[in-house]
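Reader: Could you take me through one part of this structure up close? I'd like to hear about the second largest cavity, and then about the cysteines.

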Amino acid sequence: MGMDFSTLRTLISRYCVGEENWVDSRTIYIGHKEPPPGTEAFIQQRFPDNRIVSSKYTFWNFIPKNMFEQFRRVANFYFLIIFLVQLIIDTPTSPVTSGLPLFFVITVTAIKQGYEDWLRHKADNAVNQCSVHVVHHGKVVRKQSRKLRVGDVVLVKEDETFPCDLILLSSSRDDGTCFVTTASLDGESSHKTYYAVQETKAYNTEKEVDTIHATIECEQPQPDLYKFVGRINIYMTNEPVARPLGSENLLLRGATLKNTEYIYAVVIYTGMETKMALNYQSKSQKRSAVEKSMNAYLVVYLCILISKALINTALKYVWQSDPNKDEPFYNQKTEVERQRHVLIRAFTDFLAFMVLFNYIIPVSMYVTVEMQKFLGSYFIMWDDEMFDEELGERAVVNTSDLNEELGQVEYVFTDKTGTLTENNMEFIECCVDGHVYVPHAICNGQVMPGAAGMDMIDSSPGPAAREHEELFFRALCLCHTVQVKEEDTVDGIKHGIHQGKSTSFYISSSPDEVALVEGMKRLGFTYLRLKDGQMEILNREDEVEKFELLEVLTFDSVRRRMSVIVKASTGEVYLFCKGADSSIFPRVISGKVDQVRARVEQNAVEGLRTLCVAYRSLSPEQYEEVFQLLNRAKLALQDRDKQLAEAYDLIEKDLILLGATAVEDRLQEKAADTIESLHKAGIKVWVLTGDKMETAAATCYASKLFHRNTQILELTTKRTEEQSLHDVLFELSRTVLRQHGGMTRDTFSELSGDCTDYGLIIDGATLSAVMRPGQEGSNSGNYKEKFLEICRNCSAVLCCRMAPLQKAQIVKLIKASEEHPITLAIGDGANDVSMILEAHVGIGIMGKEGRQAVRNSDYAIPKFKHLKKMLLVHGHYYYIRISELVQYFFYKNVCFIFPQFLYQFFCGFSQQPLYDTAYLTLYNISFTSLPILLYSLIEQHINMDILKKDPCLYRDIAKNSLLRWPTFIYWTVLGVYDAIVMFFGAYFLFDNTTFTSNGQLMTTNTQMMFGNWTFGTLVFTVLVFTVTFKLALDTHYWTWINHFVIWGSLIFFVVFSLLWGGIIWPFLNYQRMYYVFMQMLSSGPAWLSIILLITASLLPDVVKKVIWRTLWPTTTERIQNADKLYKGQLSEFTPLASLHAPSKGSSHRRGSENQRNPRRSEPFTKKVMFTRWQKAPDYCTFTPLLRFADSSRHSRQGYNYSGAGPETSV
């Protein structure tokens, strides 16, 4: 072969993938055999092993990496500094008071994160250690998946998953093809055909395969699933033979072998270099919005702390500048201290004040938040409503750090196949010349009682109509690429059960085709097999008809149709064509076009996938002409696709219309209801799918993402071929902004129900163009902004033909937009992993497409419908609970430390603590921590049923509304007010003092021993009772546990104080608290003052709440009040919409409108139809009982819906 390498490379790149640039290549030696001497240099490259890693830590890096991540938190780092300061200098409090809580927080968090990562390691090991069959010296040996090397030849059997990226060498099928499903990669569950190279397909045994002597040269790994460029050099006796390799030869990791007994293939990409792994995003630590708010508040409190310490340090030196007010005689400074520089002394004092006031930063808040998240996550796992009996699976929490983020979601990005849909097509009806057929009166997948006896097709039509009808059924039995499998089970599920008998079942690259062939079977025409070029069908009379398959004009997304040319046993040649209505109607010259078009439009509105069927008879001369035309195009080496398209265009014309079909991709149970609820909750739903545009759009209609009155805007390759991307974007932008007048979607949805709804459809190729960085001198710089502007004004967006990384790009684009919304991604396949990792919250669905999505997600749920409860109930509760927890912690620490600050003005700024060390240490750990922890676990401010029934309540907590700055400032001011009341209340109580006979100081008005520890204990007692009562006032949901913990913690405080002050503890080097608490409680006026001070502290907050609830109640507060009125039975007594503020009423318009237009997936209305040939078709509609009276909705055409919608109360 006299061709040099560079010429061959150019040819390969030209013919395999167009004029693509050749990427740096790798050479693979099949079976690790060296090429024959003199052919090429043998350079063995190093490649990674086949290990997959989804975990974050290893045994060695866990401690340093985890410590680094934890000390990145402001609070943890701050407490580390304070702890070190306490160790280094002489401070008023012991290092234990900071060190112990910090150690506890770090340890608890490390254990939690270590456990979660251990689970990921376990899942990785399960994948990496599964066994694979490898051909070694002519024998098949078993190897662990992780030990596979590039160049190994593997044997894969039917229904096994490919362990890495492979090039197909041979298969059990004579033609060297194999069938594969790539559901876990691109979401498509259809069977795709892959090909072995002509020269290797004959090697069918281990020994034969072991004799293959060849090398593969191909590009280095890259993430595009649909692109591959390479060549195989096969060394035979003479010159080596070079053959091009493309994506049709490449089997990807994660795909599954179907309908092929076994294959032999060579490993080319392994482990983290496989295309599936390259499409994973790197795992990064996700942080919730609440945690960001906590860090912001922490910085504010840090500033308050530093300013307090600075003020006290400055005032101390001002106070001591008077020689009379210097250190007292009993506290003489040592000579060393006197000689120390004033700045060093000031700095030491500043640090001492920092330590004294450091309790304003609540380290125990982080412990409580960690425990709340960890324990709270079990409520999701224990929820019986989120248990799926069919799968036997419960919801799973992989990361509990994001629980509250579930209550803040603004955008949901969902996959389509297997997430919204069941990935299950069902034939609904067909229409021949305007007559409608419904097989078996199917209602929601169940044969209706009594339907078995109904003859759905009139058996005595006129001869011409009868002939057309049978031709239509034959067309659908022949115009497809379906294969027949004789067994009755696959994946453990029985297929092909027909009237109780187990028969063969169908598989195809398109699930629609299977549904159509099965539909024909139910209508009496059964496709049997394709054997030796003959297609066999069984007609209604149980006779086998044979048709010779002459040509297949394959489907493509530009033509949007496919055709077959067949020869009947009578010798007649037919062209049968089926495709989208838009591609068939313009090519039809006769047939009942208007009746069929009306039926197609009606079915499309209902979200059904429609196809039209037409035919054309060909004379022998016409067929010969067609044959020559196709042959020339097929043999062309250059522009083959273009020539074939032109040939198809010439052949598929002058058609006669036969009819149309309607197929439903069954939505998952309650998927439409879930999407509608999310819309009402103010959440925008985007569908990101690898599927075709038409299919995806039909699903969007069925799932109520798009509505009948939604105006669809297209940003697709088809459109950008007609005008430039720049023009299309600006035109769409003008369209949406003209309607909305510059308002965002959120604003106008509140105002008017008359605005047009817009839905945007974009495909992967156009998205790439939009995302491409702008060229010099071009206008493309602001494409992203324009695109975002259009999206923001659309109620729903559908992105089709998306590669996995493009899904992640879309999520990233929205995350980075100026509003910085919280995003959630949900999917079920490996193709969804990158978007699940990119979104703020990632949810995996335990579907039919493997477990990669579940393993890499933050949460996993069995079905899409469970998302509703997860967000609207669990997310809502988690957010309410944690926002109260955060605000309450800052509040109680302000109450705790501000009296300490005020006390310094009365003790000569001597860093004298107001409270005893035991109280300082135990305040946040024991006395006040359990009530708020319990509140943050079980509080339910609104009944669960109400949250499910009224999604609009989700809007009340949107955009982190409970942790905004005004709320934070209110809590802080309340804390300062309470602290002032406590301190000065106690101070004025001690105002007039006298000496007793034994020289002690006693207050005359309370007859109580006066000392700084008594004063501090009084303030502390009022403090503990006030903050605990404040939490009790905020609690809506009381159980015996609340009562036990709240009142129990107060009793514990009293008992502890009595014991701490009532016993002389031998291990203490001081006894300053001895008898102080008892002495205080022995004074009657002290009791009264405690009660008065608690009341004075709580009163303003109570008054503010009463006024606000009366004059400006939120929707939540209205419902709380109504629920009390109905004694917790609100959801049974009253429509919730009546309790909303008037401005929000219009947001229900969309929902109520949909209720007049139910989809077929819903259980309320199902039609059963039959035809009479002599007159216009007559349709019957089965409706819920009380709806028969509502006859006004039935139209004269005889077909309309009158069913109740999903939330209509009857």
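Author: Here's the cavity, followed by the cysteines. A quick heads-up: this is a predicted model, where local features need pLDDT of at least 70, side-chain atom pairs count only at pLDDT 80 or more, and totals for chains, interfaces and linings use all residues. Residues are numbered from 1 along each chain as its sequence is written, and side-chain values use heavy atoms, with hydrogens and water left out.

The structure has 8 cavities of 30 Å³ or more. A cavity here is a set of points, on a 1 Å grid over the protein atoms alone, where a 1.4 Å probe fits but cannot get out. The second largest has a volume of about 130 Å³, counted as the space filled by probe spheres set on the points, which are joined across faces, edges and corners. Its lining (residues with an atom within 4 Å of a point) takes in 15 residues, and T97, P101, Y359, V363 and N924 lie nearest the centre. Helices α4 (96-128), α11 (363-382) and α29 (917-927) each supply at least two of the lining residues, with α29 giving the most, 4 residues. Helices are DSSP runs of H or I, at least four residues, numbered from the N terminus. By type, the lining splits into 8 nonpolar, 7 polar and no charged residues; nonpolar means Ala, Val, Leu, Ile, Met, Phe, Trp, Tyr, Cys and Pro, charged means Asp, Glu, Lys and Arg, and the others, Gly among them, are polar.

Now the cysteines: a search of the whole structure turns up 0 disulfides (cysteine sulfur pairs within 2.5 Å). For C479, the nearest cysteine sulfur, that of C577, is 6.5 Å away. C479 is buried, at 2% relative accessible area, where buried means under 20% (1.4 Å probe, protein chains only). The sulfur of C791 is 6.3 Å from the closest cysteine sulfur, in C794, so that is too far for a bond. C791 is buried too, at 1%.

Terms used:
1 Å grid on protein atoms, 1.4 Å probe; cavity = no way out; pocket = protein on both sides within 12 Å on 5 of 7 lines; lining within 4 Å. Buried < 20%, exposed > 50% of the residue type's maximum accessible area, 1.4 Å probe, protein only.
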